[in-house]
Amino acid sequence: MEDNSSCSSAGTALSQASILQRTFERLSSTQCLKVSTEAPVAVIALQRYLSEQPEGQSNSYSYDVTVTDGLWRAKCFVHPGLNHLVHTNTLRTGTDDVASLPMMVKHGMERSVVLQSDVPLQVNRKHYLSLWNNEDPEGDIWTSGSLSSDTVLDVSKISLLSSLESCFRNTWKPLPLLVKIIHKSRVRYYGKFGLKIDFPFQAYFEVADQSGTMSLVLWNELCPEFYQRLSVGTVLYIQNYSLKQSYSNRSHPQMDHHRIKTFHSVEICLNARNPTSVITVVSPKSVLPQWGLPEVSYQFITRSELDELSNNSACDVIGLVTFVGRVERVKSKGNKGPEKYWTYRWIHAVDGSSDRPFILEVFSSSQPEVFSSISPMTYLVCTQMRVCRVEGSLPYLTSSFETETFITGYHKGQPYVSDPRVKSFIQWTKTLKDNVVLQKTAVGGHYCYPRPPQKFTQSMADASAQVPLVAVADLKEEMETLQYRERKKVAIQGQIAAVRYMKNPKSTESKRTDEREQGPDVAPDVCEPNTLDHPSAAQQTTATSSTAEKNSVKEIKRRIQTRKVMRSYLNLRSMTAKRRHADTEEGKEQEEEESDSVSEDAPIVTDSQQNQDSDVISWESSSWLKQKQEVSEHLCEGGLHQDSLSQRFTFDEKHVLLQRSNLQPTHWTPEQTADTPAPVVCPGYYQVTILGINKQMAVDAAFLPIVSSDEPRAIALPQDPHGNTMLSCLSSGFLCPLSDTASPGQSKLPKPGEVLGTAGELEDMHLVCILDLCHLGEDKVEVLISKVYRGTDVSLD
């Protein structure tokens with residue numbers, strides 16, 4: 001906390017009750033520069049901005065945190081040494097909104113506009129940035145709402161866009177412009193250290209009149225004032241603008257479908273000064289036909305038409321959302337300023353023209369309220385999407401810099417509502433039944449597209465490769481440097497030393513089965529990763545074969561019951577021992593001895609090499625027992641987390657499902673909820689131990705095979721038949737054939753023991769494994785295997 005705030009006067013009772021107030025009174029009265037205190041408070045806001053004095057790349061940004069003790073609020077500066085707590089989402093918001101509580105300020109400064117406004121504590125910064133990216137508007141400075149004018153305009157003397165190119169190098173002052181916005185880009189933040197601009201923002205608009213189209217740039221403080229007020233279809237009357245040569249490296253929307261001339265050599269610049277631009281938003285009812293302004297044109301396509309489009313083609317789409325992936329972040333490439341991230345999510349949407357959905361990679365488009373509210377069963381419009389074609393996968397669509405997204409509740413007044421393709425889509429949706437569509441919906445979970453190619457081709461020197469090949473020894477750094485929800489895909493070489501099938505956390509549908517099998521209690525939030533040296537209770541009691549159950553059910557029940565009794569006993573003894581021997585080595589040794597006495601009886605593992613008649617629930621290579629003694633480090637992040645699994649969407653759980661799939665909010669509001677959605681139905685996963693080629697480091701990774709055609713991950717999955725061996729499952733990513741909920745009982749998937757019974761072919765086999773890494777917050781790192789390549793499918797230069 002900075003010593004820049006103390007409490008204002010208040011009653012004696014309030015002073016005694018408020019921990020924050022007493023703390024700030026101490027800060028005000030002490031002669032020291034630092035006061036140590038413990039104050040239990042709740043975080044209600046966490047805000048980011050560019051640092052004044054950067055301290056390394058990881059501290060390019062500073063953070064202010066607003067806390068409350070329930071009586072007062074206080075905004076504090078987060079010391080740069082604690083920034084990593086924000087990066088990993090360990091320091092985060094988490095209580096109801098208490099904006100009605102008084103803010104603590106220095107005595108005599110209660111009326112200070114700066115201290116009471118939404119600005120950073122570091123005085124040289126004038127605004128906050130979005131907590132997780134630089135594109136989304138953040139804070140009170142961004143004005144929204146209508147600003148249209150019914151003022152009678154003099155349009156008898158205006159300049160046409162076609163005449164501006166000839167005016168560029170002349171001293172003649174251009175006349176006013178009368179134009180319509182036909183495209184809108186997202187906001188670009190170009191702040192960097194040493195730049196003496198308070199609001200370094202920029203936004204591009206494509207505007208048109210009867211003569212053609214041209215780019216218009218909104219600069220600096222005009223962005224917070226006007227950006228959210230200007231929409232596609234808005235008519236502008238512009239005075240006092242400047243012209244400059246167009247920036248050649250920027251992207252442009254594809255506008256061939258407008259069939260009007262485009263002027264690329266110059267662009268219109270609107271600034272707050274030199275000159276001070278005057279922007280008048282014309283009311284729609286004041287727009288006259290004789291002005292000759294072109295209509296906004298779209299190029300909507302159906303899903304059935306997508307397969308015919310060439311790579312990088314632009315199109316607009318409308319669909320009914322069936323799947324919404326969690327929001328993730330990826331480092332932007334080629335950024336010369338402070339490190340920043342793009343935020344994006346994967347979405348499936350159907351339009352009735354095909355049995356396949358649109359697969360959409362939607363990046364944040366400076367519309368945070370829309371981006372965070374996308375959910376199944378909503379109508380989604382995405383404009384200026386680009387077609388992506390990758391060998392071996394179906395085409396998908398990704399955002400461009402000019403993409404805008406709209407969902408149910410935001411369509412009113414948009415120009416596309418009258419488009420014939422949109423009207424046709426709406427008619428199709430009227431034939432649907434909600435309860436049928438709901439059965440095909442999902443939210444969140446791990447999702448990665450397109451799938452890895454059939455052959456892995458890589459240059460060892462190519463650091464910019466799509467999937468960089470890294471040494472297992474460097475994998476630890478890759479994982480430790482991940483920030484919250486950052487996704488990274490890497491390839492490693494090595495051999496699979498062990499595989500273990502893990503039962504997943506209990507779900508409502510599997511509860512009765514678990515109770516019948518007398519399985520152990522599993523934490524409802526996550527299946528924690530475990531090393532092979534210390535198998536967990538879930539690992540020890542996993543048995544799926546009916547034969548094995550009949551042969552060992554009595555022994556399993558007896559041992560589980562024994563462990564439950566021992567666990568209860570140890571808990572009681574442990575509490576007693578702690579009271580008696582709180583700080584003595586004797587007490588610690590006693591607890592350790594008692595724990596050891598239970599762990600010796602714990603393992604219940606069926607070894608395929610010793611008993612071929614029973615189910616296989618784990619496999620180890622013949623050399624792993626010796627090799628693991630020589631391993632210098634074993635990265636054990638291979639557990640399957642609750643956030644790795646998608647969930648069926650329901651309207652009752654909509655808010656909590658969206659909260660879980662979105663990023664941690666900057667401000668905590670009453671709409672946020674701590675309720676827990678229904679558990680995910682998932683029988684289990686495989687924990688795979690990969691030993692690096694140097695035999696010095698191993699890593700655990702989770703393999704969650706696709707088992708149903710209803711899973712979002714099953715879309716566009718190449719389903720070439722395979723023999724359900726451990727290797728073929730790891731190579732293909734699915735069990736064969738996929739089950740179909742619409743036709744239950746038609747296909748019978750292999751049991752985990754049957755799959756693991758074939759793992760012997762992995763013995764000493766050199767492989768390249770593709771790992772998907774994602775930081776899920778705090779100390780949770782998701783490590784999933786998406787594909788395994790055998791040596792014959794690998795080409796390394």
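**R487**

I looked up R487 and found it in strand β22, which spans residues 487-503. The model I am reading is predicted. Is R487 buried or exposed? I get 9% relative accessibility, so R487 counts as buried. The cut-off I apply is under 20%.

Next I asked which side chain R487 meets in a polar contact. The partner is E328, at 2.6 Å. I then listed the contacts of R487, leaving aside neighbours within four places in sequence. E328 appears again, together with R326, R329 and V330. The list also holds Y344, H446 and Y447. D772, L773, C774 and E782 complete the list.

**Ring cluster**

Y447, a contact of R487, turned up in my ring search too. Ring pairs link Y447 with F323, W346, Y396 and Y449 into a cluster.

**Aromatic pairs**

How many aromatic pairs does the whole structure hold? My search finds 22. I describe each pair by the distance of the ring centres and the angle of the planes.

I took F406 and Y416 from the search. Their ring centres are 5.6 Å apart and their planes stand at 50 degrees, so I log the pair as tilted. An angle over 60 would have made a pair edge-to-face, and one under 30 stacked. Where do the two residues lie? F406 is in strand β19 (residues 405-406), and Y416 is in the loop between β19 and α9 (420-429). The pair therefore ties together parts that are ten residues apart in sequence. I checked accessibility for both. F406 has 8% and counts as buried. Y416 has 2% and counts as buried as well.

I moved on to F425 and W428. Their ring centres are 5.9 Å apart, with the planes at 40 degrees, so this pair is tilted too. Both residues sit in helix α9. They are three residues apart there, which means a separation of about one helical turn. How does burial come out for each? F425 is buried, with a relative accessible area of 4%. W428 is partly exposed, at 24%. The value for W428 falls between the limits of 20% and 50%, so partly exposed is the right class.

**Charges over rings**

Last, I looked for charged ends placed over rings. I noted R48, whose charged end sits over the ring of Y61, 4.4 Å from the ring centre. I also noted K787, whose charged end sits over the ring of Y789. Here the distance to the ring centre is 5.2 Å.

Notes
Residues are numbered from 1 along each chain as its sequence is written. This is a predicted model: local features need pLDDT of at least 70, side-chain atom pairs count only at pLDDT 80 or more; totals for chains, interfaces and linings use all residues. Side-chain values use heavy atoms; hydrogens and water are left out. Rings of Phe, Tyr and Trp (its six-membered ring) pair if their centres lie within 6.5 Å; planes under 30 degrees apart count as stacked, over 60 as edge-to-face and the rest as tilted. Helices (H or I, at least four residues) and strands (E, at least two) are DSSP runs, numbered from the N terminus. Buried means under 20% relative accessible area, exposed over 50%, partly exposed in between (1.4 Å probe, protein chains only). A charge sits over a ring if NZ of Lys or CZ of Arg is within 6 Å of the ring centre and within 35 degrees of the ring normal. A polar contact is a pair of N or O atoms within 3.5 Å; within protein, one must be able to donate a hydrogen and the other to accept it, and residues adjacent in sequence count only if both atoms are side-chain atoms. Contact means heavy atoms within 4.5 Å.
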